[in-house]
Amino acid sequence: MLSITTIYAAIIALLFLALSFRVITYRRGNLISLGDHGDKALETRIRAQGNCAEYAPIGLILLGLVELNGAAPIIIHLLGLMLLAGRLMHGIGFWGDRPVMLLRVWGMLLTTGMIGLSAFGLLVLSLL
């Protein structure tokens, strides 16, 4: 069982729901059912949600593979925390009226760093 990955998957799923709720409530409040109608605030919310949808799945798949390959729990948690912190920082960076670029940048660095470390580690392990 992927007991560690499950924790991070559940928390990131809740983050994704929060980002989705922001899009849904904005759409309903502004009567925008499809697209963004040139509304920058909606576009920002859509991209925050979309970015999570684009990066979280590959990160969670890799985390699960790391766990399945028998990595030490501390390694799995460190990678999971990188992914979670990256997704949180990126999402929070989009949360206010004006995006906070520093949070977005660090969020992406943590996320892509986790993906790169996991992929490299799994590749090395599979070639040994």
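Helices are taken here as DSSP runs of at least four residues, numbered from the N terminus. In this predicted model, helix H4 spans residues 101-127 and includes Trp106. The description below covers a nonpolar surface patch, the largest pocket and the salt bridges.

Trp106 contributes to a nonpolar patch on the surface, with an area of about 600 Å². The other members of this patch are Val100, Met101, Leu102, Val105 and Leu109. The relative accessibility of Trp106 is 46%, so the residue is classed as partly exposed; the exposed class would require over 50%.

Helix H4 also takes part in the largest pocket, where its share of the lining, 5 residues, is the highest of any element. The volume of this pocket is about 150 Å³. Besides H4, helix H3 (73-93) gives two or more residues to the lining, and no further element does so. The lining is formed by Val66, Asn69, Ala71, Ile75, Leu78, Leu79, Leu117, Ser118, Gly121, Leu122 and Leu125. By residue class, 8 of these are nonpolar and 3 are polar, while charged residues are absent from the lining. Gly121 is part of this lining, and glycine is counted among the polar residues in this division.

Salt bridges number 2 in the structure. In one of them, Lys40 pairs with Glu43, with a separation of 3.2 Å between the closest N and O atoms. Both partners belong to helix H2, which covers residues 40-68. Lys40 and Glu43 are 3 residues apart, a spacing of about one turn of the helix. The two partners fall into separate accessibility classes under limits of over 50% for exposed and under 20% for buried. Lys40 has a relative accessibility of 58% and therefore counts as exposed. Glu43, at 31%, counts as partly exposed.

The other salt bridge joins Arg47 to Glu54, and here the closest N and O atoms lie 3.1 Å apart. Arg47 has a relative accessible area of 35% and is therefore partly exposed. Glu54 is likewise partly exposed, because its relative accessible area is 45%.

How values were computed: Residues numbered from 1 in each chain as written. Predicted model: local features only at pLDDT ≥ 70, side-chain atom pairs only at ≥ 80, totals over all residues. Heavy atoms only, no water. Patch = residues over 30% accessible without salt bridge, like charges linked within 9 Å, V, L, I, M, F, W, Y side chains within 5 Å. Areas by Shrake-Rupley, 256 points an atom, 1.4 Å probe, with all protein chains shown as cover. Salt bridge = Lys/Arg side-chain N within 4 Å of Asp/Glu carboxyl O. Buried < 20%, exposed > 50% of the residue type's maximum accessible area, 1.4 Å probe, protein only. 1 Å grid on protein atoms, 1.4 Å probe; cavity = no way out; pocket = protein on both sides within 12 Å on 5 of 7 lines; lining within 4 Å. Points joined across faces, edges and corners; volume = space filled by probe spheres on them.
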